Amino acid sequence: MVALALRSEDFTPVLAGHHQEKLQRLAALGLQTQLASELAPGYDVVIDCTGRSEGLSQALELVRPRGTVILKSTAAAGAAMNLASVVINEITIIGSRCGRFAPAIDALAANKFDPLPLIDATYSLDDGVAAFAAAANKSKFKIVIRP
C-alpha cells in the first residue's frame, strides 16, 4: 500500500521482499520489485514496513550515510541492536504508525491508487475465525472483515 501511495505521488519506490510469488504479483501492478537479499546499500530513504524488529537492522544497512529510515511498522517484539551506525552515519529515523488519515482518504476518493488488487478475500464478521486463519497464510496480502 505504501509503494502504491508513493507511486501515485510520482516517486519510484523499489519494493523488496523475501517471497518471489508476492513480488511477482506486485510487479504485475507496475511496481519495481527486488528480492531483499539482492539489495545493495546506498538508498536515500528506506521505509521499513516489515512489522519485524529485524526490519530496522536491514533498513540501516541499506540507507546511505545521512539518509533517512522511516519506520512504517509496529514491531511487537523488542530488539537489541547496535546503534553505532545511526550515530556514525548520521541516519535520521522517523517513526510513522498511521500517518494522517484525511490525505489518505482524499487520495483514495480521488482514485490516485487502487488498493483492491491487494485484497485477497472478504469475510463477514460471523466468519471472523476463518478470516484470521486466511490472514495467517503468508502468501496473502490483505484480508477484509465486513459487518
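Helices (H or I, at least four residues) and strands (E, at least two) are DSSP runs, numbered from the N terminus. With that settled, here is a walk through the model.

This is a predicted model, so local features need pLDDT of at least 70 and side-chain atom pairs count only at pLDDT 80 or more, while totals for chains, interfaces and linings use all residues. Residues are numbered from 1 along each chain as its sequence is written, and side-chain values use heavy atoms, with hydrogens and water left out.

**Two odd loop residues**

Let's start with a pair of loop residues. Neither Asp10 nor Asn111 is a glycine, yet each has a positive phi. Exposed here means over 50% relative accessible area, buried under 20%, and partly exposed in between (1.4 Å probe, protein chains only).

| Residue | Phi | Loop between | Relative accessibility |
|---|---|---|---|
| Asp10 | about 70° | helix H1 (2–8) and E1 | 73%, exposed |
| Asn111 | about 55° | helix H5 (101–109) and E6 | 65%, exposed |

**Parallel strands and their crossovers**

Strands count as paired if DSSP finds at least two bridges between them. Strand E1 (residues 14–17) runs parallel to strand E2 (residues 32–35), with 4 bridges between them. Ala16 has Gln34 in E2 as its bridge partner. To get from E1 to E2, the chain passes through helix H2 (residues 20–27) in a right-handed β-α-β crossover. Right-handed means that, with the strands pointing away from the viewer, the path from the first strand over the helix to the second runs clockwise.

Further along, strand E6 (residues 119–124) and strand E7 (residues 142–146) are parallel too, joined by 5 bridges. Ile119 sits opposite Lys142 in E7. E6, helix H6 (residues 128–135) and E7 form a right-handed β-α-β unit.

**The nonpolar cores**

A nonpolar core is a set of buried Ala, Val, Leu, Ile, Met, Phe, Trp, Tyr and Cys residues joined through side-chain atoms within 4.5 Å. The largest one has 10 residues, among them Leu39, Val46, Val63, Val69 and Ile91. Helix H3 (53–62) and strand E4 (63–71) each supply at least two of its residues, and H3 gives the largest share, 4 residues. There is also a second, separate core of 7 residues, including Leu4 and Phe113.

What does Val63 touch, leaving aside neighbours within four places in sequence? Counting contact as heavy atoms within 4.5 Å, Val63 meets Gly42, Tyr43, Asp44, Val46, Thr68, Val69 and Ile91.

Thr68 lies in strand E4 and counts as buried because its relative accessibility is 19%. Beyond residues up to four places away in sequence, Thr68 touches Asp44, Val45, Val46, Val63, Thr92 and Ile94.
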